[in-house]
Amino acid sequence: MDVLEVVLLGAVAVSSGGGAVRLPRKLTALAAFVAMRGGADRGELAETLWGAGARHNLRVALHQLRRSLPEPGAVDVLASGHRIVLRADCDAVRFERAVAEDRLEAAVGIWRRAAGARQHRDVFMAGFDLPSAVGFQDWLEQERTRLGGLYLRTLWRLAEVAEAANEAEAALRWLRTLLDEDPLDERAHRRVMRIALASGDDSAALDQYDLLRRVLRAELGVEPSPATTAVAEEARSVAGQARSRGAARSTTHGPTVPALGSAARLIGREGELERLAQLLPTAAPLSIVGPGGVGKSRVAGALADHVRHRYEAVAHASVDGVADAPGVLFAVAAALGAVGGSNERVLEAVRDRLERREHLLVLDGIEPRHRATGLLVRLLAGLPPGRCLVTSREPIGVEGEAGHRLEGLSAPSGRGWRDAPAARLFVDAARRSDASFALGPNDREPLRALVEAVEGLPLGLVLAASLATAFSLGEIARIVVERPEAIGGDAALALPERHRSLERVLEASIEGMDGERIDRLVTCSVFAAAFDRHAAEAVAGATVADLSSWARAGWLHGAGGDRWAMHARVRGFLARHSSRETLHEARARHARHYLGALRRGAPALRSASGDGGIEAWVRDLPELHAAWMAVESDDLGGVVEPLALLLDVRGRHAEAIDTFGRGLLRRPRDPGVRSALHTALAASENRVGRRQRALRRANVATAWAVRAGDATLVGRAAWQAAEVSYDLGRYDDAESVLDGLEADGAQVDAVTRGAITRLRALVVLGRSRAFGRPLVPSPAYEAYVGTARAGFERCLVLARKRGDVLAEAEALHDLGYCSYAVGDFGTALAAFRLAERRHRTLGARRRQTIEVYWIGVAATMTGDHGAAERALRAALRAMDEAGETPKALEVVQAIGQLWEQRGDHWRAAACYLAAIATPGLDARVRQGVEAWHLPPLRAVIDAASWSRLEARALALGYRDTVNALLRSGSLPLLSDR
């Protein structure tokens, strides 16, 4: 069988057995996409080529592609039915494989044969486009940029290998090839100059410098960077000095400061500048530290400009690209005009110059590799205070050093959000591209999202601002949140190489780090949120020293207490720089650590004996969810119930349904695990109102528990079926199940036995609902409530006996409701307050919020309107933050009733109108809202002046709602008023 060949480097072509296969453009795009990706999911393919929901178009296209290709089976569907693969030989894939296997010359050969006279940006699928498919066009541009960049990096790597082998001619050949492709690559020009200096050819180095100057002036209107100018200065004045070491950036003597930064353009750091100016005279040296892109160089330049009147001269030595500590030493020597031969002589000359003359040395860009030999520490140790200013990701570690850490700019908030430093910096950068740019009234939230996505890094804000000419701020925020590595590009060409995108900042940050420490840091990328040192050690093997170092370098940030977090941007970068095998092993260790800890801590979850109670585990819910997704199916036992409890007390029922549903999709072999999963799903589905489905699920859980022969699981599943029956109003069915469970007391554990007792009392209380809540309770009504109260009191005794604080809080709430039902509001208020304290002890915040709501309701009935309003508004804020709209609307009704009792009818009406006018409610919730709020609204309107109410409705923006209600007849007789 002939091999199907797909050519994507150069002109696109598909062939088989030497014969060309002609395909329509859409089918060509489909074949290219699948071949490059090694396969693609159906949904991804359809969305990329046609848009969301275009599965039918994909099926038709696949059928046409199979008919068009001469090779049977070339287009294959994997067993899952979701993934499409193309069995073909692709030249672009061969090129990437050769680079990955370090066959660099072979990779360059593949590229050159296809490229011809094309530039590297235009080689992949040259001349091909598909304007009708926006998703494919985006992918095509990304691949062209990525593969072109990979080719340039391959040429650079070949030059490095040749130079390391002392093959200067070969290195120059590869560098000149690189410059033919990218004449603006200043780093390659500088490397050519250094090789020329190392070989003693000063004139060749200066010729290369002149060529670079002409190119930069013609194309960008800028001068070479100080680093390149430093090499040229060395060629002119310090020929022969450190030619094998690389060189440094240029220096500036005298009172002026080069383009590190200036106070005039420094935004958001004015206060820090004053503090640093006060700290500098006492520091030896003063270190400005922080992650890449936070603006260390700019702050250092502005500080030098601010204090230059104190010194004879300010000397700048930037060590961007310097490979080692000796190179830093010679950079400093060049900055100060000191000369010498060996390291020791240069060191003496530099120290002598700094001690004898009033110079300020600004040493910019120190990396971990520069500290490795100790030469840098020897250079800085013992310097007079106030003579040296250093920028680095971590403190140098010199005695007498004073460190100042730069943090990202905070996200704008409040009324003065436009004046926040992050907002001012973004506007300033955007106006360089578009002088008319201004923030609109609706831009606060997009700007906040943007600032948070780049961690407040000034570099990230500047790069994002370059998109302002083409996109709105909302679109920029979405781009940066989804793909932060994409910002930069052409707008960043004037920046140093390592600052042209956030991705390059991170790549530069990791260079020079010890390989083993990199592996440990990469392993930390499996953490979904915050983690403590015990988890870091168990999962990543990270020591306390590692965590401290990473926190200083900006890879981690404090998340409260002894916990660290890694920003999503950093986490994604590290995950991309790790093999799948490494991440798979790390996720397995992550799962074992967190789920094992949850199994061990499960008994203490319901009591206050655990450290922090439920809250201590709730903060690890993202990690527990990630562990759940990674663990093997047979390891789920023992964690289903505690995880279900955590999700339930936080009100995260939809997340619980998704989590346990995914657990069932793995089809665990253990019937006990299946029963536990079905029970947890039944509870969550019941909470969101899917009661018929929950009942079926609980019955399935019971069947699996019987098959497993586990009496405890049988009891839990059957009790769950009884609870769903109770919520459906089928009290006889619920009691029938409970009778069966209680017939064999050994069949249930203590927790389930307490739950059964409570459910029996709830069934009795449910039967009392036939009476409503009469203003004057009848004897029959009071008898029902009294029986229920006795049951809840037994629950309270059982809960306290076994130290179950959660069950105790539930029993207290139920007792409070019984008191409320018979009009004993003072007792009800006391019970609700006790229940709220118990939930607070456990950290069960959602249930605590419900208790606060009932405190407000009971306080309303006791006439304590001040306490009622405080409680109800606190509950409303919590429910709004949690997105619990139906519950929040119940609180709104309670607040309206409070205003009625206080005789303020128009405010009560405003509450009811606000509830009815709430947008985004589905039909069922809307029906409930109107059932809650229309009757009291009618009553309030009868008691209030309609003209005053109408004016209030107009002021609150509810006039349209009132008019719609009038037209629908929901508010009869109002049209006559």
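At what angle do α4 and α6 pack, and how far apart are their axes? In this predicted model, the two helices pack at an angle of about 40 degrees, and their axes are 11 Å apart. Below is a friendly tour of that pair, two further helix pairs, a few backbone details and the confidence of the prediction.

**Confidence in the model**

- Across the protein chain the mean pLDDT is 78, and 81% of the residues reach 70 or more.
- Residues 238–264 keep a pLDDT under 50, and in the model this stretch has 78 contacts beyond four places in sequence.
- Another such stretch is residues 969–977, where the pLDDT is below 50 and the model shows 17 contacts beyond near neighbours in sequence.
- A word of care for anyone setting up calculations: where pLDDT is low, the predicted coordinates should not be read in detail.

**Helices α4 and α6**

- With an angle of about 40 degrees between them, α4 and α6 are therefore oblique to each other.
- Their crossing is left-handed.
- On the α4 side the contact is made by Phe95, Glu96 and Val99, while α6 brings Arg146, Leu147, Leu150, Tyr151 and Thr154.
- Sorted by character, the residues of this contact are five nonpolar, one polar and two charged.
- The spacing of such contact residues reflects a general point: an α-helix has 3.6 residues a turn, so residues three or four places apart point the same way.
- Helix α6 covers residues 134–164, and its 31 residues should span 45 Å at 1.5 Å a residue; the end C-alpha atoms are 45 Å apart, so the two values agree.

**Helices α8 and α9**

- Helix α8 (residues 186–198) and helix α9 (residues 202–219) have axes that come within 7 Å and cross at roughly 165 degrees.
- The two helices are therefore roughly antiparallel to each other, and their crossing is left-handed.
- From α8, the contact takes in Glu186, His189, Val192, Met193, Ala196 and Leu197.
- From α9, the partners are Asp202, Ala204, Ala205, Gln208, Tyr209, Leu211, Leu212 and Leu216.
- This contact of α8 with α9 is made up of 10 nonpolar, two polar and two charged residues.

**Helices α11 and α12**

- Helix α11 (residues 270–279) packs on helix α12 (residues 296–307) at an angle of about 60 degrees, and the axes are 10 Å apart.
- That angle makes α11 oblique to α12, and the crossing is right-handed.
- Leu273, Glu274, Leu276 and Ala277 of α11 meet Val299, Ala302, Leu303, His306 and Val307 of α12.
- By character, seven residues of this contact are nonpolar, one is polar and one is charged.

**Backbone details in the loops**

- What is the peptide bond from Ala284 to Pro285, cis or trans? The bond is cis, with omega near 0 degrees.
- Pro285 sits in the loop between α11 and β8 (286–289).
- Asp102 has a phi near 65 degrees, a positive value in a residue other than glycine.
- The loop that holds Asp102 runs between α4 (91–100) and α5 (104–115).
- Asn166, also other than glycine, has a positive phi near 60 degrees.
- Asn166 comes just after α6, in the loop between α6 and α7 (168–181).

Key: Residues are numbered from 1 along each chain as its sequence is written. This is a predicted model: local features need pLDDT of at least 70, side-chain atom pairs count only at pLDDT 80 or more; totals for chains, interfaces and linings use all residues. Side-chain values use heavy atoms; hydrogens and water are left out. Axes are lines fitted to C-alpha atoms, for helices over the stretch in contact, and angles run from 0 to 180 degrees between N-to-C directions. Helices (H or I, at least four residues) and strands (E, at least two) are DSSP runs, numbered from the N terminus. Angles under 35 degrees count as roughly parallel, over 145 as roughly antiparallel, 65 to 115 as roughly perpendicular and the rest as oblique. A crossing is left-handed if the near helix is turned anticlockwise from the far one by less than a right angle, and right-handed if clockwise. Contact means heavy atoms within 4.5 Å. Ala, Val, Leu, Ile, Met, Phe, Trp, Tyr, Cys and Pro count as nonpolar, Asp, Glu, Lys and Arg as charged, and the others, Gly among them, as polar. pLDDT is the predictor's confidence in each residue, from 0 to 100. The expected span of a helix is 1.5 Å times one less than its number of residues.
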